[in-house]
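Reader: I'm new to this one, and I'd like a close look at just one part of it. Could you walk me through the charged side chains and who they pair up with?

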Amino acid sequence: MLALSNVQKSYIEPGGGRLPILDIASFRVAAGEQMVLIGRSGSGKSTLLYVIAGITSADAGKIVIDGIDVGRLSEVARDRFRADKIGYVFQTFNLLPAYSALENVLLGMTFSRGRADPARAKNLLDRVGLSHRMSHKPAQLSVGEQQRVAVARALANKPKLVLADEPTANVDAGHQQQIVDVIRQTCAEEDVALVLVTHTAEVAEQFDRVDHLEEFNRAVAVT
Ligand code: ADP
Ligand code: MG
């Protein structure tokens, strides 16, 4: 489903030097597989997810998603392909404040080839336990509810891969398990692969596969 080979990423430091962040010989996730990525703060976990999602581009290396070498696509085709294949759950949710829960999920569909599908959006909100909150705007929702909307939005496009970057970092302990359960169940139901970044041991230990970024990243950032 996802295969990275010899991927490198560095940032230009404020002083002008190059700061190597990622140097990964191989990172693979199978179709429908659910895994956790851990690593200390600043080790490059978010950068790895950004490079996979195309939010930032790698300096070198090959990224294959669902059998397609994304580096061989034109920039426009690549952006569209990733929008179709990848759902992203941000730590801070990134919901649009002016729009209701239902509209936020529908907006998650408009970047894909398929047209917005209200029945699917409602079904996803129902699955995350928010059928009674579809018309609420983010400010009218609890933090846990907002993150559940973000999970529904990430799945709106029928992606093959969900990238979740510390999705429980901003929720209280009571909502933590609920959000993990919702992400895992919805991914399992639709055979979606999941890469979940967390620093919470109780979350990580629920997964069969836990990768430590430092163990396969040869670029060791000085922090
Ligand atoms: P993590 O998510 O594991 O905490 P990040 O991927 O966010 O780590 O960041 C990895 C390192 O890259 C950090 O040391 C950070 O300071 C640095 N970094 C992140 N973004 C930039 C940027 N745009 N320019 C320069 N350095 C950056
Ligand atoms: Mg991060």
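Reader: Let's start with E189: does that residue count as buried or exposed, and at what relative accessibility?

Author: E189 counts as exposed, with a relative accessibility of 52% (over 50% is exposed, under 20% buried, anything between partly exposed; 1.4 Å probe, protein chains only). Bear in mind that the model is predicted: local features need pLDDT of at least 70 and side-chain atom pairs 80 or more, while totals for chains, interfaces and linings use all residues. Residues count from 1 along each chain as written, chains are lettered from A and ligands numbered from 1 in written order, and side-chain values use heavy atoms, without hydrogens or water.

Now for the partner. The side chain of E189 meets that of R127 in a salt bridge, 2.6 Å from N to O (a Lys or Arg side-chain nitrogen within 4 Å of an Asp or Glu carboxyl oxygen). E189 sits in helix α6, residues 173-189, and R127 in helix α4, residues 118-127, so this pair ties together parts that are 62 residues apart in sequence. (Helices here are DSSP runs of H or I, at least four residues, and strands are runs of E, at least two, numbered from the N terminus.) As for R127, its relative accessibility is 26%, so R127 counts as partly exposed.

R127 has another partner to look at. The side chain of E190 also meets R127 in a salt bridge, and here N to O is 3.2 Å. E190 lies in the loop between α6 and β8 (193-197), while R127 is in helix α4, so this salt bridge ties together parts that are 63 residues apart in sequence. E190 is partly exposed, at 25% relative accessibility.

For a pair with another setting, try D211 and R209. Those two form a salt bridge whose closest N and O atoms are 2.8 Å apart. D211 is buried, with a relative accessible area of 16%, and R209 counts as buried too, at 18%.

Back to where you started: salt bridges that share partners join R127, E189 and E190, along with R120, into one network. If you want to keep hunting, a search of the whole structure finds twelve salt bridges, among them the E189–R127 pair, the E190–R127 pair and the D211–R209 pair.
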